[in-house]
Structure formats: structure tokens, C-alpha cells
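Please open the model in your viewer and keep the selection panel at hand, since each stop below begins with something to select and then describes what is found there.

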Amino acid sequence: MIPPHFTAGEGSTLALDDHASVCGRHALRWDHGPHSRLTVAADLGWAPDPYRTRPLADQAWQGTVDTFSVWIHNEKATDDVVRFEFGRGERTDCWFDLRLGFTGWRTAWVRYAYDMNGTPRTGMDTVRIIAPRRAGTLRIDQLLPNVALRPDAPCRDAQVPHVGAEGDEWDQQHWQALYLFDRLLSRATIDTPAPTAAELDALRILLTRYHDDYLAAAPKVDDAYVASLSAQADRLLDGRPLFSYQSQIYPPEIAADLKTFVDTVSLTDFTIHMRRIAQAHDAAGPAHRAALGELYVRSVRRLREQGWTDGSCQGTIHHSGYALTGYYDSLHLMRDVLRDAGLLDAVRADLTWLCGFGRIFRGYDFRNGHGSTADIINTTVRGMLAVALLQDGEARQVAYLKLLRDWLDTYLLPTPGIQDGLKTDGTTFHHVGFFPDYARDAFNGIAPVIYLLSGGLFRVSAEAHRAVKRAVLTLRVVGNTYHWPVSLSGRNPGGTTGLSPHAFQWLALAGTPEADRELDPETGAAFLRLLPASPDGAQRKAAARLTAAGITAEKAPAGAWAYNYAALAVQRRDDWQITVRGHNRYLWSTEIYDGSNWYGRYNTYGQIQVLHRGSPVTNLASGYRHDGYDWNRRPGTTTLHKPWSALKADLTGTIEEMLLTEERFAGGHAIDGRHGMFAMRLHEHPKYEGSHRALTSVFLFDDRVIALGTGIANRDAAHETETTLFQTALADPGEPTWHGGPEPITAFPYERRDLELPAATWLVDDKALGYYLPAGQRLGLTRTTQTSRHHGNDSETRGDFATAWLGHGRAPRAGAYEYAMVVGATPESMAAFTAAMADPAAAPYRVLRADARAHIVTDRATGITGYAVFEAVHDLGDPLVRAIDTPAMLLAREDGADALVLSVCDPDLRLYRGRDPDQYEQGRYTGHWTAYSRPWMQSPGAPHELKLTLAGRWRTGGAGIGSRMEGTRTVVSVTTREGRPVQFRLSRAR
């Protein structure tokens with residue numbers, strides 16, 4: 001039955017048709033005459049909105065805009081348009097044209113107020129569809145008159161080139177700007193001189209590697225396997241539509257039902273199966289190749305008929321690279337089959353469009369020039385490589401490969417500011433922050449391409465290769481063995497995500513960045529350590545080659561690292577790892593989406609996590625478990641203990657939460673590459689409890705952690721303020737906790753929520769982490785079944801935990817804490833530690849100062865003194881460091897009788913000076929905007945000259961270090977940049 005809203009005008013007819021459809025099994029067939037009309041009567045419900053295309057809105061706060069959507073099926077491409085008019089009765093208020101130079105299905109998402117001609121009006125109640133100038137047939141499906149949609153979702157293509165032009169500048173431009181990329185490519189002149197002998201040699205090496213090492217899978221191809229592939233293909237080719245994110249346009253109130261009704265085929269599943277077919281065809285004998293080739297051609301024709309083709313963006317095409325990797329990796333294997341079917345030219349054009357090969361000609365001089373680098377090098381560069389190798393003739397293949405190589409030489413270099421990409425300290429940014437999950441996938445995608453190109457003149461530059469190698473090696477420092485600490489989990493706090501050995505494998509085989517060794521010993525040694533217990537064939541082959549070359553597995557990384565593009569300190573020994581993570585005015589505190597990380601607010605409030613248990617080491621074995629976890633109590637953090645309703649992120653009016661604090665001081669520091677520290681001025685975002693503040697520091701000396709907090713204050717009189725010592729999941733409720741004596745606590749449940757500590761005491765948890773607690777504090781200790789909320793779906797979760805914390809009461813004014821943690825502790829060792837602390841001559845550490853201006857701690861075993869100086873101080877009261885003009889972290893030790901080693905760190909990235917005025921209203925910090933919209937996003941870190949005054953007369957030298965003696969004191973100037981520690985040696989002047 002034809003919907004009553006639809007009326008065919010003179011010279012046209014309507015009918016339901018099952019020839020092709022998108023929504024259900026039927027579409028609306030419109031047989032039209034020249035310029036026939038089809039009228040749809042419906043209240044369009046259009047209303048104005050505050051979105052503006054210039055300047056670009058903050059991604060988080062762009063809101064939604066009213067959008068029209070329709071699917072059109074065309075049987076014969078024509079140089080004409082079908083027009084869509086919108087108005088009140090016979091009056092037309094706005095309109096757009098959809099070009100018909102295609103066959104098969106296309107869809108368009110068109111925003112009323114921003115993409116149409118004319119001006120939309122409230123009260124519009126009519127859609128008129130005006131046929132092209134020649135008679136014909138169009139099929140119409142899933143016409144949605146008005147959907148509130150994110151304004152950055154629709155993108156322009158050959159059918160609707162006027163849609164979303166500002167999207168070429170959005171953070172999503174790496175996916176969405178295909179129309180622009182295509183235009184740039186069409187205007188480019190690509191020289192194709194005859195290749196040199198060296199270029200041809202490099203091309204032959206690349207093609208051999210591409211097939212043998214990257215594409216081929218060599219499955220056992222027999223009748224049963226071909227039948228299985230055919231049966232799977234039949235299910236994917238059964239007439240259902242082929243979607244990636246095309247259901248994003250569904251109205252929220254019916255989206256779930258509509259998804260069930262439409263029952264789409266996943267584009268990801270479809271292209272993965274195409275890769276399986278291609279690999280089977282490559283490995284098959286003559287008896288099976290024809291059938292497999294026919295199956296692949298059927299799949300290609302279906303893909304193209306569904307609109308995944310040259311010139312089409314399918315309404316939106318964001319994240320398409322993830323769905324198309326199987327297609328990209330199948331095409332070279334099937335090039336002869338495609339040529340024989342007369343499809344190679346068309347498919348090459350499709351591929352060139354879909355991977356946006358023309359991006360090579362855009363350059364980087366625009367706001368999001370490096371936006372989502374991780375996505376592109378993970379998913380899309382492999383498609384760009386396939387484009388190059390599918391060119392006709394060696395001259396064109398060489399020319400395209402050189403274009404790709406030269407583009408990668410720049411694209412892979414470290415980027416300034418917080419824009420996405422690789423950073424100078426080895427971290428990798430995605431969503432304008434350090435995001436190891438995306439970094440892992442990015443390098444799993446680009447490392448094999450670096451290997452493929454490394455066999456000759458197409459290898460990437462040494463500088464680009466070094467940047468990737470540094471970033472990959474960083475991942476095995478911040479992960480242990482495979483798992484990331486929870487503070488690095490982004491919006492994925494399940495505790496199960498981590499690194500992969502694949503990037504290490506490919507980089508090892510790619511040789512050194514300088515091309516002076518065929519195998520890279522550093523990434524090779526790391527790969528051998530990370531080799532899984534049951535390696536696949538390629539991993540076994542790579543391991544054998546590395547071993548034959550004399551490369552052996554590295555030991556687990558040991559040392560101390562400061563990654564201040566992540567406000568992160570890492571300390572490692574043996575198989576254990578300690579991480580401390582913060583945030584500041586440049587680096588968001590956590591990423592929260594609707595359905596991901598709802599309770600992540602406190603993730604980077606100075607969280608201290610020890611990853612040290614399990615074989616391999618895991619979060620679960622080390623004490624972290626998602627189910628039952630109290631999201632208020634992350635170890636090392638000072639927080640307000642809120643009910644779930646108050647802790648859950650409020651996403652009203654926004655799609656995500658990535659809050660920036662007002663404070664600039666947070667980060668890590670290291671000395672000698674062996675010992676480290678962390679310090680932070682904690683100031684909670686005003687969206688929640690803006691009065692909550694604390695000064696925190698963490699000193700890392702071998703297996704000892706000293707944690708201090710001062711200035712703890714807030715005005716929340718309804719909730720307890722706490723500093724969490726530990727929250728450890730109990731595999732068995734009887735696992736013991738020790739408190740101050742030889743008898744373990746095994747009772748379960750057990751609760752002591754407010755214990756006064758008249759004397760120093762100690763704890764040891766069930767994971768062999770010991771805690772020394774000075775007197776005068778209030779301790780909470782529980783061993784109980786905790787109920788919590790799932791981070792994504794809000795369902796109730798339960799788990800058995802032992803938890804300890806220090807209480808500061810409600811609305812504290814000047815709260816403080818001190819404790820020490822020891823890795824690998826026993827009750828006996830902690831009793832001895834506590835006894836030693838009572839003797840100043842034997843104390844393992846001493847706190848020399850802990851107030852609102854500085855925390856100073858000295859460690860007996862290492863002789864290192866650490867300073868967390870939270871503001872400029874002209875009289876520090878320290879025997880060595882008398883004054884400092886910049887908030888900073890210092891680590892100092894004697895080097896013989898007449899020398900001193902000093903390491904200085906200003907963690908302020910200095911991406912802008914003064915205030916960001918957009919983040920203030922009437923002088924009060926609101927922090928409304930995310931980092932996506934900040935004008936300083938691409939700013940390089942500015943150098944800063946820090947001056948400190950030392951007691952005594954000292955000489956020093958080296959780049960960026962200066963000194964002058966003033967009587968019995970020495971003023972040392974240190975040039976710092978990007979939060980990098982600067983270490984130098986001073987000699988006593990005679």
C-alpha cells in the first residue's frame with residue numbers, strides 16, 4: 001500500500017517494488033515523466049538552531065541540526081538532477097538538487113539551514129520531488145523528512161556537492177573530505193618518467209613482500225572450504241543493505257526498532273569476507289579458482305550497487321576505513337580477475353576515492369591537518385598503497401609510490417601542540433590526548449607499510465621512521481606486559497586492553513631507521529619478549545630470523561620515564577610497573593562518551609597504579625577488576641566520595657566529556673633514567689565540584705613510593721573527601737590483609753571506616769603492596785562485597801574487594817596526608833620499615849617540607865632529594881635549593897664530594913600564555929570548551945628559562961644551562977621545553 005502522504009503528479013505513477021530496497025523488502029517505484037512531481041505531505045517540524053558553520057563549533061558542543069534524508073535508486077546514469085523542494089503548501093522555501101550520474105543506490109543527508117538553497121521556515125508541511133528532464137524510473141526508500149543530527153555527520157559527494165562544505169575542516173575531515181581530496185587529485189599533475197633501474201628493483205622487492213609477507217594467507221582450499229565461503233557469501237549477498245554508519249540518521253525514538261527491521265549487513269563483515277575469498281583464490285589450484293573469482297566479482301558488484309563506489313559518501317562516511325580494510329587488502333590479489341571482468345578501472349577509481357588518495361596534495365597547513373592520524377595510519381594508508389600498486393604500468397606505480405613515501409615522510413613526524421599525531425616524548429595523540437589503544441592500532445597498521453617500503457628507494461625517511469620507532473617502543477614502557485594501566489585506558493576502563501606485538505614484529509623486519517642494519521635490534525628484542533605463548537606462523541618466522549641474527553629477547557624495561565604530553569610518570573623494575581597520571585589545562589582529565597566510561601571522572605586525579613602480578617602481568621592479577629569497582633576510590637587519588645547518580649557524567653547538551661582544568665601544573669619527572677616523581681595542582685572542573693583542590697606529589701625511589709598531599713579543600717559538606725590507598729579485587733574472600741601486626745585479617749565482611757591513628761602503623765594488601773602510615777591520620781579499611789555500576793550500560797555489578805583510604809572529613813579546609821608504599825612487601829618488612837621511620841638516623845625517607853608551596857622529600861638509600869615546588873618561592877628554606885622562580889619539579893643527588901647532579905622539570909607545556917579567555921565568564925573559570933576548539937591546539941610548546949638559586953658556588957655548562965655566582969650562592973638558569981626533564985652536573989667552584 002502506497003503511504004497516503006505520497007501523491008504522484010501528472011505523468012507519473014507510484015508502486016511498491018521489490019526489485020531493490022533499503023528499508024525492508026520493498027521500495028517506492030516512481031515512473032516519472034519529464035519534470036513530473038511527487039508530493040509528500042507531512043509536518044516537517046523544522047526549527048532553527050544555534051549552530052554556525054563559521055567559526056567551527058566545538059565538537060562536543062555542536063548540538064544537532066534538522067536534516068532531511070532519502071535513498072534513491074537509479075537504473076541509468078544521466079547528466080541531470082532530481083530536485084527536492086520544501087515549503088508550505090505550494091510555496092517553496094528551500095530546495096536542493098541531487099545529481100543522477102550514478103547507477104544503484106545513493107543516499108543524501110542534507111541539513112535544511114546550511115546545505116539548501118533558500119531559507120527554511122517554521123510551519124513547512126510539504127516535500128516536492130521534481131523529476132529530471134527525461135522520463136524514467138527512480139526508486140525511493142527510507143525518506144526521513146526531518147532528523148535531529150550532529151552537524152558534522154553529513155558530507156558532500158558527487159551527488160550533493162553542496163552538503164557540509166565546512167566538514168573539510170572538521171576533526172572528521174580525514175574521513176569526510178573525500179570530495180575535496182578527489183578534486184585535489186583531479187587537478188594535480190603527476191609526472192611519470194621512465195623508472196630507473198634502482199626504482200624498478202625497489203618496486204620488485206615491494207611487490208614480492210606485499211604478496212608474500214602481507215597479503216597471502218595460504219589457507220587449505222578444497223571443496224569444503226569453497227563451499228563454506230560460498231555459503232557465507234550467500235548470507236552477505238541476500239539483498240539486505242550494506243551499512244557502515246548509515247543508521248546514524250535513524251530518529252532516536254525509533255532507531256532500535258528500525259535497526260531490527262532493516263537488519264543490515266555490516267560493511268566490515270562484508271569486506272573481511274572479500275579478503276578471505278581473495279586469499280583463497282590466491283592459494284587455490286585451477287579447480288577452484290574460477291568459482292572463487294566469480295564469488296569475488298559478485299561481491300564487488302554488490303558493493304558498488306550499494307553505493308560504496310567512486311563519488312559516493314553514503315550520507316556519511318566517517319570511520320569507513322575501519323570497515324574497508326578487508327577490501328583494501330583484497331584488491332591486489334584479485335586484480336587479474338577484476339581486469340577479466342572489465343571492472344579493474346572502475347574499482348581502481350572506487351579505491352582511489354574511498355581511501356582519499358588525493359589527501360596527499362592537501363598539505364598540513366589547516367587546523368586539522370593531522371586530525372586523527374591514528375585512524376589514517378591504522379586503516380587508510382594500506383588503501384593508499386593499494387592505489388599505487390594498482391596503477392597501470394611501472395612508471396605510474398613508481399610515481400604514486402614516491403608520492404605516498406614523501407607524504408608519509410611528513411605525516412609521521414611529531415606534531416606540535418595537542419593536535420593528533422606522534423609527539424616528541426614518544427606518546428601518540430588521538431582525540432587530542434594520549435590514547436594508547438588507538439596508538440597500538442595505528443602502529444599495527446603503519447608498521448607493515450614501513451616494512452613493505454623499506455626494501456629500496458621507497459623507504460620512509462630516517463626521521464619519520466625514528467619517530468614511529470620511538471612511539472612504538474614507548475608503548476611497551478607504558479604497558480606491562482600487554483595491559484595498559486587503567487589511567488591510560490581512555491574511555492575503555494575494562495582493564496583488558498593493551499599493546500600488541502605486531503608493530504614490533506614489522507618494525508624489526510624493516511631494519512633500522514638509518515638503513516644500516518637489515519633487522520632492527522631494539523624493536524626485535526622487544527618483539528621477542530612480547531612474543532605470545534602460541535605465536536602464529538608469521539610471528540614464528542620473524543622470531544626465527546631475529547634469533548638467527550643474534551637478537552635475543554630484551555628484559556622488561558627498567559627505569560623511570562616522564563611523559564609530559566600525558567602528565568605521566570612511570571617507574572619500572574623487574575616485572576613490575578608503577579604509573580602516576582594527572583591532567584592539566586592542556587590535557588583532558590578523561591574521555592567520557594554516552595555508553596563509555598560514565599564514571600571516569602577521577603581517572604587522572606593523580607592515580608597511582610601498580611601492575612605487577614600475573615604471567616603475563618595483568619590488571620586483574622594486580623588487583624583491578626571492573627565489576628564491583630568503586631569508581632570513587634582510585635589508588636592515590638584525593639576525591640569526593642559521591643553516590644552513583646552524582647558521579648555519573650552529565651552529558652546534557654554534549655556528545656562527550658573531555659574536561660580541561662584551569663591548572664597548568666601536573667606531570668612527571670626523572671633523574672638518571674632510574675628514579676622519578678610526579679606532582680600536580682589538582683583543581684576539579686567547575687562543572688562538578690569546582691571548589692575541590694589539593695596539592696599532591698609522588699616520589700619514586702626504586703621500590704619505594706612516598707605520597708604527600710596538602711591544601712586539600714572543598715565546600716562540599718554532603719560528601720566525604722578521601723585519599724585512596726588501595727582498592728584490590730579479592731580472588732577469594734579469605735585472601736588476607738595485614739594491619740600493624742602479625743595476624744592477618746581474613747574476616748569477610750570486615751569494616752573499619754574511621755580509625756584514628758595515634759601512632760604510625762602499616763598495612764600490607766593481598767598483592768604484596770605495603771603501606772606506611774604516619775600518626776595523626778584517619779584510616780578506613782574494608783573487606784566486603786561491593787556493588788557498583790557498569791561503566792557503559794549502568795547495570796549493577798558486584799565484586800569482592802579490600803579497600804583502604806585516608807579520610808579528610810567533609811568540606812575540609814586544609815587537609816593533608818602522607819604515606820609510603822613499598823612494592824613486594826611482607827608484614828615483616830613493613831614492620832621493620834615502620835620501626836626505622838621512628839629513628840631519624842635510620843628512616844628510609846624524611847619529609848623536609850609539606851605545605852601550600854612545596855613538598856620536599858629525601859630518600860636515604862639513593863641519596864636523592866625530590867622537590868615539588870608549586871609556586872615561585874624566594875626562600876625555600878632548603879639547605880641546597882634556596883629559591884626558584886617557576887613552579888617545577890627537581891631531583892638532586894650528590895656526585896662525589898664536590899659535584900652535584902640536578903634534574904629540573906617544568907611540566908607546563910606552555911602552549912599559550914596567560915588565560916584562555918573563552919574559558920572564562922566574568923572572570924570566573926568555566927572550562928566550557930574542549931581542546932578540539934582551542935586556538936592553541938596546534939601551538940608548539942614555548943621554551944622557558946627557569947632560574948633557581950643554589951646554596952654554594954657552583955659551575956655548570958651545556959646547552960640551555962647557564963650559571964652566575966652571587967656571593968655564596970649560584971643562580972642557575974635552565975631552558976625547558978615541552979615538559980622534558982633537563983639533567984646536568986655542577987662542580988663546586990674553588
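Begin by selecting helix α14 (residues 436-453) together with helix α15 (residues 462-478); in this predicted model, α14 passes α15 in a left-handed crossing. The two helices pack at an angle of about 135°, with their axes 10 Å apart, and that angle makes α14 oblique to α15. To see where they meet, show the side chains of Pro436, Ala439, Arg440, Phe443, Ile446 and Ile450 in α14, which face His465, Val468, Ala471, Val472 and Leu475 in α15 across the contact. Coloured by class, this contact has 9 nonpolar residues, 1 polar residue and 1 charged residue.

Keep Phe443 and Ile446 on display, and add Tyr296, Tyr327, Leu408 and Ile418: of the 143 residues in the largest nonpolar core, these six touch the most other members. Helix α14 remains in view here, as it supplies the largest share of this core, namely 11 residues. In soluble globular proteins, nonpolar side chains tend to be buried together.

Which residues does Ile418 touch, not counting those up to four places away in sequence? Centre the view on Ile418 and select Lys423, Phe429 and Val432, then Tyr586 and Leu587, and finally Leu911, Ala931, Trp936 and Met937, each of which is touched by Ile418. Apart from the core just visited lies another, of 53 residues, and selecting Met680, Val705, Ala707 and Leu763 will show some of its members.

Next, select helix α20 (residues 827-837), whose buried residues are Pro827, Met830, Phe833, Thr834, Ala836 and Met837. What covers these buried residues includes a series of strands, which can be added one after another: β26 (704-713), β28, β30 (761-764), β31 (769-773), β34 (815-823) and β35 (845-850).

From β28 (738-739), follow the chain into the loop that leads to β29 (750-756), where Pro749 is found. The peptide bond that joins Phe748 and Pro749 is cis, with omega at about 5°. A further cis peptide bond runs from Ser615 to Pro616, with omega near 0°, and Pro616 can be located in the loop between β20 (607-611) and β21 (638-640).

Two other loops deserve a stop for their backbone angles. Select Ser372, in the loop between α11 (344-354) and α12 (373-389); its phi is near 55°, a positive value in a residue other than glycine. Then select Gln922, in the loop between β41 (920-921) and β42 (924-925), where phi is again a positive value near 55° in a residue other than glycine. Is each of these residues buried or exposed? Ser372 has 2% relative accessibility and therefore counts as buried, whereas Gln922, at 87%, counts as exposed.

For the last stop, select helix α17 (residues 521-530) and helix α18 (residues 537-548), which pack at an angle of about 130° with their axes 10 Å apart. That angle makes α17 oblique to α18, and α17 passes α18 in a left-handed crossing. Show Gly524, Phe527 and Leu528 of α17 and, opposite them, Gln539, Ala542, Ala543, Leu546 and Thr547 of α18, since these residues make the contact. By class, the contact of α17 with α18 has 5 nonpolar, 3 polar and no charged residues.

Definitions and conventions
Residues are numbered from 1 along each chain as its sequence is written. This is a predicted model: local features need pLDDT of at least 70, side-chain atom pairs count only at pLDDT 80 or more; totals for chains, interfaces and linings use all residues. Side-chain values use heavy atoms; hydrogens and water are left out. A nonpolar core is a set of buried Ala, Val, Leu, Ile, Met, Phe, Trp, Tyr and Cys residues joined through side-chain atoms within 4.5 Å. Buried means under 20% relative accessible area, exposed over 50%, partly exposed in between (1.4 Å probe, protein chains only). Helices (H or I, at least four residues) and strands (E, at least two) are DSSP runs, numbered from the N terminus. Contact means heavy atoms within 4.5 Å. Axes are lines fitted to C-alpha atoms, for helices over the stretch in contact, and angles run from 0 to 180 degrees between N-to-C directions. Angles under 35 degrees count as roughly parallel, over 145 as roughly antiparallel, 65 to 115 as roughly perpendicular and the rest as oblique. A crossing is left-handed if the near helix is turned anticlockwise from the far one by less than a right angle, and right-handed if clockwise. Ala, Val, Leu, Ile, Met, Phe, Trp, Tyr, Cys and Pro count as nonpolar, Asp, Glu, Lys and Arg as charged, and the others, Gly among them, as polar.
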